[in-house]
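Biologist: Before we accept any label attached to this structure, I should like to hear the reasoning behind each one. Please take the terms in turn.

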Amino acid sequence: MSTRARQHAADVVRREQLTPHLVRLTLGGAGLAGFASTGIPDEWVGLVVPEQFQSRYYTVRSWDPGADELVLDVVVHEVGLVTEWVARDCAGETVTISDPRGSFALPDDAAWLLLVGDLTALPAMARIAETVPAGLPVRIWAEVPDAEELRACGYLPEGREVTWLAPPAAGASDLAAVVEGIDWPEGEGYFWMAGESAQMRAIRKHLMRVRQLPSAAYDVMGYWRGGARRQPRAVDPGPIWREGRAAGHSDDQIWATYDEAQDQQEADR
Ligand SMILES: Cc1cc2nc3c(=O)[nH]c(=O)nc-3n(C[C@H](O)[C@H](O)[C@H](O)COP(=O)(O)OP(=O)(O)OC[C@H]3O[C@@H](n4cnc5c(N)ncnc54)[C@H](O)[C@@H]3O)c2cc1C
């Protein structure tokens with residue numbers, strides 16, 4: 001069975017600076033006619049920008065099948081392949097995206113939902129919060145640099161309990177400490193989190209060993225890796241995801257395999 005996702009050419013129809021660190025790209029054009037959303041609210045695509053061959057992964061913030069328009073919200077870092085491209089006026093340029101994959105799996109009987117993440121996780125947290133039943137209690141912790149602007153533009157839907165956290169000045173995330181300090185709701189629920197990979201590994205250990213959550217009760221994903229350099233080649237989560245699912249692995253096992261693949265690539269450099 002092929003593990004390669006289909007590719008779609010897409011034109012940048014609009015580029016909007018939502019906040020100082022977040023750029024919204026609306027993609028469209030005839031190449032997206034065959035695009036099919038999974039409907040899973042944290043679904044992501046691989047994005048290849050002009051004159052590059054390496055993918056970076058972005059959450060489908062929204063997909064309008066009537067207009068064949070796809071929205072990605074892209075964080076602008078200090079350096080980076082997509083960062084440098086998106087920082088300039090890229091409207092009218094053509095990119096390539098892969099078929100989407102998603103990982104969020106809310107159990108039918110979940111009584112609550114906790115979402116934790118940094119700015120790269122915010123598009124997924126927003127779409128999840130918009131998608132799950134309005135009556136489900138949802139709490140969100142967002143460690144972001146532009147909290148005031150994000151609040152002002154209503155980035156997260158009304159009616160959800162949101163804690164905005166400023167990233168520490170030194171740059172390292174404090175999300176592991178945030179998770180350790182959570183006052184967990186009663187009953188069975190679902191925990192979803194994404195951010196820097198090393199932090200996510202520590203959090204998985206905490207959920208497994210301290211909170212003793214079954215793997216179906218949480219989904220913790222390493223979205224990016226700390227380090228001073230531009231990432232040489234991101235590891236594609238798509239094939240790892242499909243192979244893991246085919247082998248009957250849990251979300252958690254699959255994301256741990258993804259982290260190992262990234263470590264291996266780092267070691268091979
Ligand atoms: C499933 C999935 C979904 C994702 N969804 C989104 C999304 O919707 N929006 C989004 O912006 N990102 C998202 N990401 C994260 C994104 O793929 C990475 O941040 C990516 O490395 C950015 O690419 P780049 O070319 O700009 O920087 P790279 O060339 O990959 O990295 C350059 C430098 O920037 C640093 N860097 C990379 N990411 C960050 C960061 N978040 N904070 C601080 N420094 C960083 C790296 O350590 C490196 O030093 C997602 C990742 C995954 C796996």
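Modeller: Let us begin with Thr59, which touches Pro41, Asp42, Glu43, Trp44, Val71, Leu72, Pro123, Ala124 and Tyr223, leaving aside residues up to four places away in sequence. The model is a predicted one.

Biologist: What makes these residues contacts of Thr59?

Modeller: Contact requires heavy atoms within 4.5 Å. Thr59 meets that condition with the residues just named, including Trp44 and Tyr223.

Biologist: Why is Thr59 called buried?

Modeller: The relative accessible area of Thr59 is 7%. Buried means under 20%, so Thr59 counts as buried. Its place is in strand S4, residues 56–59.

Biologist: To which sheet does S4 belong, and what is the strand order?

Modeller: S4 lies in an open sheet of seven strands, ordered S4-S3-S7-S1-S2-S6-S5, with antiparallel pairing.

Biologist: Why are S4 and S5 said to stand at the edges?

Modeller: S4 and strand S5 (62–64) each have a single partner strand, so one side of each is left without a neighbour in the sheet. From one strand to the next, the twist averages 40°.

Biologist: How do you know that S5 and S6 are paired?

Modeller: Pairing requires at least two bridges. Three bridges join S5 to strand S6 (residues 69–75), and these two strands run antiparallel. The criterion is therefore met. As one detail, Trp63 has Leu70 in S6 as its bridge partner.

Biologist: What is the strand order of the sheet with parallel pairing?

Modeller: That open sheet has five strands, in the order S10-S9-S8-S11-S12. Strand S10 (161–165) and strand S12 (218–224) are at its edges: each has a single partner strand, so one side of each lacks a neighbour in the sheet. Neighbouring strands are turned by 10° against each other on average, direction ignored.

Biologist: What makes S9 and S10 a pair?

Modeller: Five bridges join strand S9 (residues 138–143) to S10, in parallel, where at least two are required. Within this pair, Ile140 stands opposite Val162 in S10.

Biologist: Which helix packs on the sheet and touches S8, S9, S10, S11 and S12?

Modeller: Helix H2 (residues 122–131) does so, and its direction makes about 160° with that of S8. Eight of the ten residues of H2 are buried, among them Pro123, Ala124 and Met125.

Biologist: Is Trp141 buried or exposed?

Modeller: Trp141, found in strand S9, has a relative accessibility of 9%. The limit for buried is under 20%, so Trp141 counts as buried. Among the residues that Trp141 touches are Leu114, Met125, Thr163 and Ile182. Trp141 and Leu114 are 27 residues apart in sequence and 8.2 Å apart in space, C-alpha to C-alpha.

Biologist: How do you know that the buried residues of H5 line one face of the helix?

Modeller: The buried residues of H5 are Ser197, Gln199, Met200, Ile203, Arg204, His206 and Leu207. Seen down the helix axis, they fall within an arc of 165°, so they line one face. On the other side, Arg209 and Val210 are exposed, a label that requires over 50% relative accessible area.

Biologist: How does the span of H5 compare with the 20 Å expected?

Modeller: Helix H5 (residues 197–210) has 14 residues and reaches 19 Å from its first C-alpha to its last, close to the expected value.

Biologist: What is found at the start of H5?

Modeller: A side-chain oxygen of Glu196 reaches to within 3.1 Å of the backbone nitrogen of Ala198. A polar contact needs the two atoms within 3.5 Å, and this pair satisfies that distance limit.

Conventions:
Residues numbered from 1 in each chain as written. Predicted model: local features only at pLDDT ≥ 70, side-chain atom pairs only at ≥ 80, totals over all residues. Heavy atoms only, no water. Helix = DSSP H or I, 4+ residues; strand = E, 2+ residues; numbered from the N terminus. Expected span 1.5 Å × (residues − 1). Buried < 20%, exposed > 50% of the residue type's maximum accessible area, 1.4 Å probe, protein only. Arc of directions from axis to C-beta. Polar contact = N/O pair within 3.5 Å; in protein donor to acceptor, adjacent residues only side chain to side chain. Axes fitted to C-alpha atoms, helices over the stretch in contact; angles between N-to-C directions.
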